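Me: I have a structure here that I haven't looked at before. Can you walk me through it?

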There are 4 protein chains.
Amino acid sequence: MEDKLFKYGVLTKNRVETFSDGIFAIIVTLLILEIKVPHLEHASSARELASSIAGLMPKFVSWVISFVTLCIVWVNHHRLFEVFKGVNIVFFWINVNLLLWVCFVPFPTALIGDYPRNPLAVSFYGLVMSLLGLAFFIARMYGLRHRRLLKDEVDRAAYKKSVVFAFFFGFLFYVIAAALAWVHTYLSFAAYSLIAVYFIFSFGTKKLHAVRQSSG
Amino acid sequence: MEDKLFKYGVLTKNRVETFSDGIFAIIVTLLILEIKVPHLEHASSARELASSIAGLMPKFVSWVISFVTLCIVWVNHHRLFEVFKGVNIVFFWINVNLLLWVCFVPFPTALIGDYPRNPLAVSFYGLVMSLLGLAFFIARMYGLRHRRLLKDEVDRAAYKKSVVFAFFFGFLFYVIAAALAWVHTYLSFAAYSLIAVYFIFSFGTKKLHAVRQSSG
Amino acid sequence: MEDKLFKYGVLTKNRVETFSDGIFAIIVTLLILEIKVPHLEHASSARELASSIAGLMPKFVSWVISFVTLCIVWVNHHRLFEVFKGVNIVFFWINVNLLLWVCFVPFPTALIGDYPRNPLAVSFYGLVMSLLGLAFFIARMYGLRHRRLLKDEVDRAAYKKSVVFAFFFGFLFYVIAAALAWVHTYLSFAAYSLIAVYFIFSFGTKKLHAVRQSSG
Amino acid sequence: MEDKLFKYGVLTKNRVETFSDGIFAIIVTLLILEIKVPHLEHASSARELASSIAGLMPKFVSWVISFVTLCIVWVNHHRLFEVFKGVNIVFFWINVNLLLWVCFVPFPTALIGDYPRNPLAVSFYGLVMSLLGLAFFIARMYGLRHRRLLKDEVDRAAYKKSVVFAFFFGFLFYVIAAALAWVHTYLSFAAYSLIAVYFIFSFGTKKLHAVRQSSG
């Protein structure tokens, strides 16, 4: 079975990463375009501008959250690719599925920014994030099944644990958090924040990464 | 004649790839910008939002199709560059022609998204895709004619076969699929889907790619 | 304590740089999109077009200033990464904070372009720039505290000096310049220009950089 | 004097190239966004769509010209960086000036697309291109003056010739072509086309580039 793994050849890991990094950089940057300079009646009135900027606050907050969320996803993407030795055609399409959900993130983010008290908007966000998490889970599962694709130094037990974590924190917890929106949308927001905090201070993949000091 | 091949020097393959990857990443990412957050009369009405999102479904489907199509093109572009040793000035312009059609793809895609029952819209899409396919065919033909540009390990017979496949699946079948729109647009859609499926599971270039496991 | 530095592994410095460079390239390029081709009553009237282009002059000037400012920031970002050996997870998030402010720059720049005589607009610009400067200061401070992250050839005394310079020129002077807007906005503009000129001809990091001639 | 060349250290040539390539890729890709899908009264009318697409023809032609022009500039940028060993801070700012004009190209291009019979629009385009050419000339002059920045294999006589060519074809001929618009705009268009054709088939830098076959 392993012989079939590279039947259609491998893709240059570097180019797949450049392509992915480009997508992340663009998505992250486009978010600010949503915030337009306010129109003032009196161009030199500091008071009017102050209230205009205050009115933009929800947009600023939503922008910062999206930015941080996409950077969390970038770190996870980086950690995923770090354990893989090469990219075969199946893993390429698994990565495309992942990037598809990454590109979609701005839409549900804008949705909760505009309708923070709409249960469907808030649970729709959680649903999209859970499908993004599922895409990561599928990618990690594929590595677990096809050990030959992983780097030799990857510890199997630690990697297995990271797959389990990906399922719970990336997929299941988002589904639960999305469901909570139908009780109260603020419960979902709290749950989404907790999951984000987990990812920022994530211990899950710790043992996978040896202390390397190469500047590459 | 071979002496003339590099008369104007070679271009750094790496920079041509970075440039191309950047273009692919941007085109793929810009597609989502077409989908705007719906405006709701009652900001907290889940029912109203549900029907708004349902109304956006054709846009979502068209977005996924474009995304997957451009990723298929990216894989083909990757495979094309994989067999080339270096990029001379002629091949650079052949690549520019290819990128030009890549950049144009969002236009016919939006066209069939808006007018799926208009035979001209549907056949226009096929025509653009066939010209993109023709650009790939020209690129592969150039490699066939100037063997010195290809990597030494490339098998000539297998490469020749890939050129023939590029002509049929990338160009001719799209022309036929485009013509079918004048019978019924759904015939074209079926044909376009079949060609896409062929490319995802493509066996054509199989023998070209040795099982390499380098992480680069 | 140093043992904890790489507890969560290192990130590939190269990918963090590609991601950052992508963000800089996009932000710099998007700025021109704000300038639209003027509408003419008489399409072939050179006189009418001349006055239209003259009317766009403030937009052109503001565009050049933003472009140069972001290139200054890019150089500083480059110099920051140059002294670091590797990127750990903490430094990654310090870099995210930095990129967040970089992405925000177009907003205050557009603000001072539209309302150059509004003291709040002018001091808001300075405030954002000072927070961007603070992000650089935090990044440099982190390197000072965790010497193991820096390259071996970095001179400690010279690096320390660069941290002090980052605090004064990147943060404090921008705060003062921002405050001056409440006296007269032109005083702020003069101060912002002086800080920019300092950065273009910056001597601060001079001794850090050995004369290397490698083409990499 | 040469000792001062690297007084402020060198920049990683690779990062400067990534930054530049990103800018080129984005500018090239954004051009297509100007072409919007036409609105049809009868969604399934092939006749109505045909006339709509025919009406977009000038936009398509202008888009192809911009695309090809920016690719010509990319090749010139590539050839410029190819002869340089490293990037010092002065050359970085020379490159920023160059990229500034690259980013500006879409504006005059849209201008001649909208007002092809307006002498100011047509000569404005030539003026911008001549300033872009001047930026290249300055960059090449800097290399001529500071021989240590160039790669060892660069032939001085051939390089000198390329500087002269850059002055005539990149700067002076564009100034003359721009001036011709005041006689008749079509004379300028003919002159611009001839200059473009020269650059595509340019022999000027021929002797600089050894026949290398490295795949890098």
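Reply: This is a predicted model, and the chat below covers one interface and then the cysteines.

Me: How many residues does each side bring to the contact of chain D and chain B?
Reply: Chain D brings 49 residues and chain B brings 40 residues. About 4000 Å² is buried between the two chains, and carbon and sulfur atoms give 73% of that area.

Me: How many salt bridges are there between chain D and chain B?
Reply: Two salt bridges. One of them joins the side chains of Glu17(D) and Arg15(B), at 4.0 Å from N to O. Polar contacts across this interface come to seven residue pairs.

Me: Which helices of chain D supply residues to the side that touches chain B?
Reply: Among the suppliers are α1 (13-30) and α2 (46-83), each with at least two residues. The largest share comes from α2(D), with 19 residues.

Me: And what's that side of chain D made of, by class?
Reply: It has 30 nonpolar, 12 polar and seven charged residues.

Me: Changing topic: how many disulfides over all chains?
Reply: Zero.

Me: Why is there no bond for Cys103(B)?
Reply: The closest cysteine sulfur belongs to Cys71(D), and at 8.5 Å from the sulfur of Cys103(B) it is too far for a bond. A disulfide needs the two sulfur atoms within 2.5 Å.

Me: Is Cys103(B) buried or exposed?
Reply: Buried, with a relative accessible area of 0%.

Me: What about Cys103(D), which cysteine sulfur is nearest there?
Reply: That of Cys71(C), 8.5 Å away, and Cys103(D) is in no disulfide. Cys103(D) counts as buried, at 0% relative accessibility.

Definitions and conventions: Residues are numbered from 1 along each chain as its sequence is written. Chains are lettered from A and ligands numbered from 1 in the order in which they are written. This is a predicted model: local features need pLDDT of at least 70, side-chain atom pairs count only at pLDDT 80 or more; totals for chains, interfaces and linings use all residues. Side-chain values use heavy atoms; hydrogens and water are left out. Contact means heavy atoms within 4.5 Å. Buried area is the accessible area (1.4 Å probe) that two parts lose on being put together, summed over both. A polar contact is a pair of N or O atoms within 3.5 Å; within protein, one must be able to donate a hydrogen and the other to accept it, and residues adjacent in sequence count only if both atoms are side-chain atoms. Helices (H or I, at least four residues) and strands (E, at least two) are DSSP runs, numbered from the N terminus. Ala, Val, Leu, Ile, Met, Phe, Trp, Tyr, Cys and Pro count as nonpolar, Asp, Glu, Lys and Arg as charged, and the others, Gly among them, as polar. Buried means under 20% relative accessible area, exposed over 50%, partly exposed in between (1.4 Å probe, protein chains only).
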